[in-house]
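Before relying on labels such as buried, exposed or disulfide, it helps to ask what stands behind each of them. The questions below take such labels in turn and set each against its criterion.

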Amino acid sequence: MSFDVVITGGRVLDGTGAPAFRADVGITGDRIAAVGRLGGAEAATVIDASGRHVMPGLVDCHAHGDALVFDQEVQLAALRQGVTTFVLGQDGLSFAPASTPATFAYATRYFAAVNGTHPSADGPISVRELLTGYDRATALNTAYLLPHGTIRYDVMGAAERAASPAELARMLAHVERGLAEGAVGLSTGLEYAPGRYADAGEIAALCAPLGGLPYVTHMRGYGAQAGTGMAEVTDIARRSGAAVHVSHYHGPASALLPLMDQARLDGLDVTFDTYPYLRGSTILAMVALPSWIPAADTVRALELLESEPVEWDPAIWPRITLSHVPGAEWAEGLSLPAAAAEAGVEPGEFCRRVLIDTRLEAGCVTARPDEGPEGEESVRAILRHPCHTGGSDGIYVGGHPHPRGYGAFARMLGHHVRATGDWTLEQAVVHLSSHPARRFALAGRGLVRAGQTADLVVLDAAEISDRATYAAPRTLATGVDDVLVSGVPVLTGGKLTGATPGRALRP
């Protein structure tokens, strides 16, 4: 027997939830050719997995690598946790489809602290063009959700009203074209502009063409507002017949999980992703700006910040740590009150200056007020739920980002397997690989089986650990030293090989 690559001596976690078993894995081209006892097989590359596990590459169901997936530091952060695929286009805002320079500029500017600035695209771009730019240009695979907010802005600009029938028809055409060009679903960000101006009827109409692909939503409310958010989610699912996937489903488990269970009992196809931390991260404007300032109209928002008195909610200041402040990088990593004291002004005035000076680009890490006394126990219960998939919500912009992009998957594989026992290792692979691969129709991925694409991770189950902290958020995880994408080694000895076999995945 002859293969291009053989992984020998490991215990295979095949992604079905079955117990790990001793087997070698033979790879020819980009496919798994054989799984079994392959003694005597010849291969150009042999990876000794003795004492380690071999498992399918993990799928990050919610990542903000839309621009920064090209950055080798980001690729390394993901691969060192076993992640081989990013699902992009989250929260209803990304680069495509943008048929005008104004739409591309808005999507770039408004979410610059989340998605970053695309290194090559600088104007109108289709979904097909965006995916072509990802294909074989990075070590990671990418899948892309159609961002509703970008589509809405392309048709309606910053309008704070319901869509007309003609406008809805134009948005629907964008959705149909984007799906034909390879998108794996539709996303909304209902706490961001302009997505928050849409009603359930608009969204349900745009979900109609999905044909089994998921509607992925940053709901209109979480924590104490999760009931309101889930009521809208289930309304949209009933109207459209779409499968639904809720992004970063966080809050008290005692309130959240019954909502998910009821939706399933009602016959709805609902799943969710979440990450194992009690703090979140987003743009400062979403956390701080009062609702009367039109965040979707940057020019007008800045005019109002310059000219009108703003009554800030002082309760939010202690919750905010600045993660991205272009032009005032000294403030990154400081709490907003500490940065304001350093600048010699009150927190509200400091926030106003930061928003103006960065043109609303600033980002932050936030302590959430909605976890309740359950805290870590809620995180654990939500992870254990059978509808769960893993998502880091990784944001890689700024000098002091949230550690989740560098540690979420390692924490789930390490702390939540070894320390808490929330999952077995076999269950972890189902939650983090095979389940999301099915959810996003990533055919040929998520299992270690002959004929599957050879996205494979060699894991040291005793060593996998997150090392990224809020104080040192860019610290790489340990326990994954060897990763293949489409049969090509992309991580060897814990270091990038420089290969870029990552594919732009289409359903």
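## Labels and the values behind them

Q: What makes the sulfur of Cys 364 too far from the closest cysteine sulfur for a bond?
A: In this predicted model, the closest cysteine sulfur to that of Cys 364 belongs to Cys 351 and is 8.7 Å away, whereas a disulfide requires a pair of cysteine sulfur atoms within 2.5 Å, so the distance is too far for a bond.

Q: How many disulfides does a search of the whole structure find?
A: The search finds 0 disulfides; Cys 351 is accordingly in none, its nearest cysteine sulfur being that of Cys 364 at 8.7 Å.

Q: Why are Cys 351 and Cys 364 called buried?
A: The label applies to a relative accessible area under 20%; Cys 351 has 0%, and Cys 364 likewise has 0%, so both count as buried.

Q: Why is helix α1 described as largely enclosed by the rest of the structure?
A: Helix α1 covers residues 72-79, and 6 of its 8 residues are buried, which is why it is described as largely enclosed. The buried residues are Val 74, Gln 75, Leu 76, Ala 77, Ala 78 and Leu 79, and what covers them includes β10 (83-88), α15 (404-413), β23 (480-485), β24 (488-492) and β25 (495-496).

Q: What makes the approach of Asp 71 to Glu 73 at the start of α1 a polar contact?
A: A side-chain oxygen of Asp 71 reaches to within 2.8 Å of the backbone nitrogen of Glu 73, and the criterion asks for a pair of N or O atoms within 3.5 Å, so the pair qualifies as a polar contact.

Q: Which residues of helix α14 are buried, and what do they pack against?
A: In α14 (residues 376-384), the buried residues are Ser 378, Val 379, Arg 380, Ala 381, Ile 382 and Leu 383. They pack against several elements, among them α9 (253-265), β16 (270-274), α15 and α17 (425-439).

Q: What describes the way helix α6 passes helix α7, and which residues make the contact?
A: The axes of α6 (residues 165-180) and α7 (residues 200-207) come within 9 Å and cross at roughly 40°, and the crossing is right-handed. Leu 168, Met 171, Leu 172 and Val 175 of α6 meet Glu 202, Ala 205 and Leu 206 of α7, a set that divides into 6 nonpolar residues, no polar ones and 1 charged.

Q: Where are the cis peptide bonds that precede Pro 97 and Pro 194?
A: Ala 96 and Pro 97 are joined by a cis peptide bond with omega about 5°, and Pro 97 is found in the loop between β10 and α2 (101-110). Ala 193 and Pro 194 are also joined by a cis peptide bond, with omega about 0°, and Pro 194 lies in the loop between β13 (186-189) and α7.

Q: Is Arg 136 buried or exposed, and is Ser 486 buried or exposed?
A: Arg 136 has a relative accessible area of 52%, and because exposed means over 50%, it is exposed; Ser 486, at 10%, falls under 20% and is therefore buried. Arg 136 has a positive phi of about 60° although it is not a glycine, and its place is in the loop between α4 (127-134) and β11 (141-144). Ser 486 has a positive phi near 50° and is likewise a residue other than glycine, located in the loop between β23 and β24.

Note on methods. Residues numbered from 1 in each chain as written. Predicted model: local features only at pLDDT ≥ 70, side-chain atom pairs only at ≥ 80, totals over all residues. Heavy atoms only, no water. Buried < 20%, exposed > 50% of the residue type's maximum accessible area, 1.4 Å probe, protein only. Helix = DSSP H or I, 4+ residues; strand = E, 2+ residues; numbered from the N terminus. Contact = heavy atoms within 4.5 Å. Polar contact = N/O pair within 3.5 Å; in protein donor to acceptor, adjacent residues only side chain to side chain. Axes fitted to C-alpha atoms, helices over the stretch in contact; angles between N-to-C directions. Left-handed = near helix turned anticlockwise from the far one by under 90°. Nonpolar A, V, L, I, M, F, W, Y, C, P; charged D, E, K, R; others polar.
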